[in-house]
Amino acid sequence: MPRVLVLNGPNLNRLGTREPDVYGSGSLEDLREALSSALSSTPGSSIDLRQTNDEAELIGWLHEAVDTATPVILNPAAFTHYSYALRDAAALVTQAGILLVEVHLSNPHAREEFRHTSVISGVATGVIAGFGFDSYLLALDLITRRLR
Ligand code: DQA
């Protein structure tokens with residue numbers, strides 16, 4: 001398992017200072033370190049963690065995942081709830097037989113009504129939500145085990 005793309009949508013560059021009671025006090029850099037150290041026992045593997053506030057850029061990264069057959073951990077952030085364009089791009093990944101795990105730091109189902117809908121979940125391989133950074137770590141563990 002050489003590389004996992006860890007893609008993060010809008011406002012997640014503010015992790016650490018954005019609503020820490022909901023999203024925790026760790027930054028995106030802290031998340032990168034936690035994921036990298038979790039992979040340290042799997043030689044030759046790496047994570048490629050990215051964040052964007054731009055829907056088009058996120059879609060481009062999913063196309064890249066298809067073209068390079070790279071598994072994806074995706075936190076679509078607010079795009080989760082309404083971006084059909086992102087859903088279509090995520091579907092390209094799983095239709096190509098590539099793992100795509102949708103993750104959320106918080107549990108959207110325990111929050112406002114508009115967060116209860118994910119237009120992504122129906123095309124994801126699976127969903128992990130509500131465990132903070134552990135949502136990503138669990139997704140990474142799952143991908144590692146599936147591709148072993
Ligand atoms: C989020 C949940 C979304 O509803 C929200 O818009 C986010 C973060 C999460 O990780 O809990 O930006 O995806």
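How far is an oxygen atom of the ligand from an N or O atom in the side chain of R115? In this predicted model, the separation is 2.9 Å. The protein covers 99% of the 320 Å² of accessible area that the ligand has on its own.

R115 is one of the residues surrounding the ligand, and another arginine there is R18. Two further polar contacts help to place the ligand. The side chain of H81 brings a polar atom to 2.7 Å from a ligand oxygen, while A78 takes part through its backbone, with an N or O atom 3.2 Å from an oxygen atom of the ligand. The shell also includes Y23, N75, A77, H104, L105, S106 and R111. By residue class, this shell around the ligand consists of four nonpolar, four polar and three charged residues.

It is natural to turn next to the empty space in the protein. Rolling a probe the size of a water molecule over the atoms reveals where such space is left. Across the whole structure, the search returns one cavity of 30 Å³ or more. The largest cavity holds about 140 Å³ of space, and 13 residues line it, with Y23, A77, H104, S106 and R111 closest to its centre. The lining of the largest cavity is made up of six nonpolar, four polar and three charged residues.

Where, then, does the ligand sit? Its place is in the largest cavity. The two descriptions can be read together: Y23, A77, H104, S106 and R111, named above as closest to the centre of the largest cavity, are also among the residues that surround the ligand.

Conventions:
Residues are numbered from 1 along each chain as its sequence is written. This is a predicted model: local features need pLDDT of at least 70, side-chain atom pairs count only at pLDDT 80 or more; totals for chains, interfaces and linings use all residues. Side-chain values use heavy atoms; hydrogens and water are left out. A residue is near a molecule or strand if one of its heavy atoms lies within 4 Å of it. A polar contact is a pair of N or O atoms within 3.5 Å; within protein, one must be able to donate a hydrogen and the other to accept it, and residues adjacent in sequence count only if both atoms are side-chain atoms. Accessible areas come from the Shrake-Rupley method with a 1.4 Å probe; for residues, only the protein chains shown count as cover. On a 1 Å grid over the protein atoms alone, a cavity is a set of points where a 1.4 Å probe fits but cannot get out, and a pocket is an open set with protein on both sides within 12 Å along at least five of seven lines; lining residues have an atom within 4 Å of a point. A molecule sits in a cavity or pocket if more than half of its atoms lie within 2 Å of its grid points. Ala, Val, Leu, Ile, Met, Phe, Trp, Tyr, Cys and Pro count as nonpolar, Asp, Glu, Lys and Arg as charged, and the others, Gly among them, as polar. Grid points are joined across faces, edges and corners, and a volume is the space filled by probe spheres set on the points.
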